[in-house]
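Thank you for making time for this; I would like to walk through one structure, going from the sheet to the helices and then to the interior. Please keep the view open while I talk.

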Amino acid sequence: MRLRLRWKILLYTSALLVVLIAAMLVFVNRQAEVFVNERITTDLEQGRQRIQIVENERLAGLRLTAQLVASFPELRALLATDLPTIRDFLMAYQQENRRTELLIVLDPAGRVLARTDTETPDPLPNVQRWVRPALSERAATGILTTDRGAYHAAMVPAAAGGTVFGFVLAGASI
């Protein structure tokens, strides 16, 4: 069966249009994927930067809180008293200021003397690594994990007359 020329032209033109439309759809689809991927990447990076800014502000606030507690004039005298008195002081400060969810006072060796998240000063082995940076940089910040959860935290030395008599750690729950 022989097709007339008019039908052949119509058939070839239709086939060419189908191929061109398919190629156009593939091209548009690829361009849309590239655009969406770039947009998602940009949005994720902006979100990460915002989170980093908030985290830095939070750590700065925690560092300030720890410095305020460490600069309390009677803290050195409190460290010479019994542990419940130190904890009561920390709890009162925490309730009054509501800036932190965790306050810990440590002795110069980095042993926990009192903490607000538990009545007993359970040791925190992972807090030992904070002592040296707190001494050399005047503050150590990061994430502290305890048996009660994870906290953004800042530790500062408590000193008088150039002598470090302990450390104060302030934390906010993650």
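Before I name a pair of residues, one definition is needed: two strands are taken as paired if DSSP finds at least two bridges between them. I should also say at the outset that this is a predicted model.

With that in hand, look at β3 and β4, the latter covering residues 149-160, which run antiparallel and are joined by seven bridges. Within that pairing, glycine 142 has alanine 153 in β4 as its bridge partner.

Stepping back to the whole sheet, it is an open one of five strands, in the order β2-β1-β5-β4-β3, with antiparallel pairing. Because β2 (112-115) and β3 (140-146) each have a single partner strand, they stand at the edges, and one side of each is left without a neighbour in the sheet. From one strand to the next, the twist averages 30 degrees.

Now to the helices, beginning with α1, residues 5-70, which lies across β1 (102-106), β3, β4 and β5 (163-173) and runs at about 40 degrees to β4. Helix α3, residues 83-97, also packs on the sheet, where it touches β1 and β2, and its direction makes about 45 degrees with that of β2.

Two threonines are worth setting side by side: which of them is buried, and which is exposed? Threonine 41, which lies in helix α1, counts as exposed, because its relative accessibility is 51% and the cut-off for that word is over 50%. Its side chain reaches the backbone oxygen of asparagine 37 at 2.8 Å. Threonine 100, by contrast, sits in the loop between α3 and β1, and it is buried, with a relative accessible area of 9%, the limit there being under 20%. Not counting residues up to four places away in sequence, threonine 100 touches Leu62, Thr65, Gln94, Ala170 and Gly171.

Finally, the interior. The largest nonpolar core has 24 residues, of which Val69, Ile86, Leu90 and Val168 touch the most other members. At least two residues of this core come from each of α1, α2 (75-79), α3, β1, β2, β4 and β5, and α1 gives the most, with five. Taking valine 168 as an example, and leaving aside its neighbours within four places in sequence, its contacts are Ala66, Val69, Ala70, Leu75, Ile104, Ala154, Met155 and Val156. Apart from the largest core lies another, of 16 residues, including Ile104, Ala153, Phe167 and Leu169.

Methods:
Residues are numbered from 1 along each chain as its sequence is written. This is a predicted model: local features need pLDDT of at least 70, side-chain atom pairs count only at pLDDT 80 or more; totals for chains, interfaces and linings use all residues. Side-chain values use heavy atoms; hydrogens and water are left out. Helices (H or I, at least four residues) and strands (E, at least two) are DSSP runs, numbered from the N terminus. Axes are lines fitted to C-alpha atoms, for helices over the stretch in contact, and angles run from 0 to 180 degrees between N-to-C directions. Contact means heavy atoms within 4.5 Å. Buried means under 20% relative accessible area, exposed over 50%, partly exposed in between (1.4 Å probe, protein chains only). A polar contact is a pair of N or O atoms within 3.5 Å; within protein, one must be able to donate a hydrogen and the other to accept it, and residues adjacent in sequence count only if both atoms are side-chain atoms. A nonpolar core is a set of buried Ala, Val, Leu, Ile, Met, Phe, Trp, Tyr and Cys residues joined through side-chain atoms within 4.5 Å.
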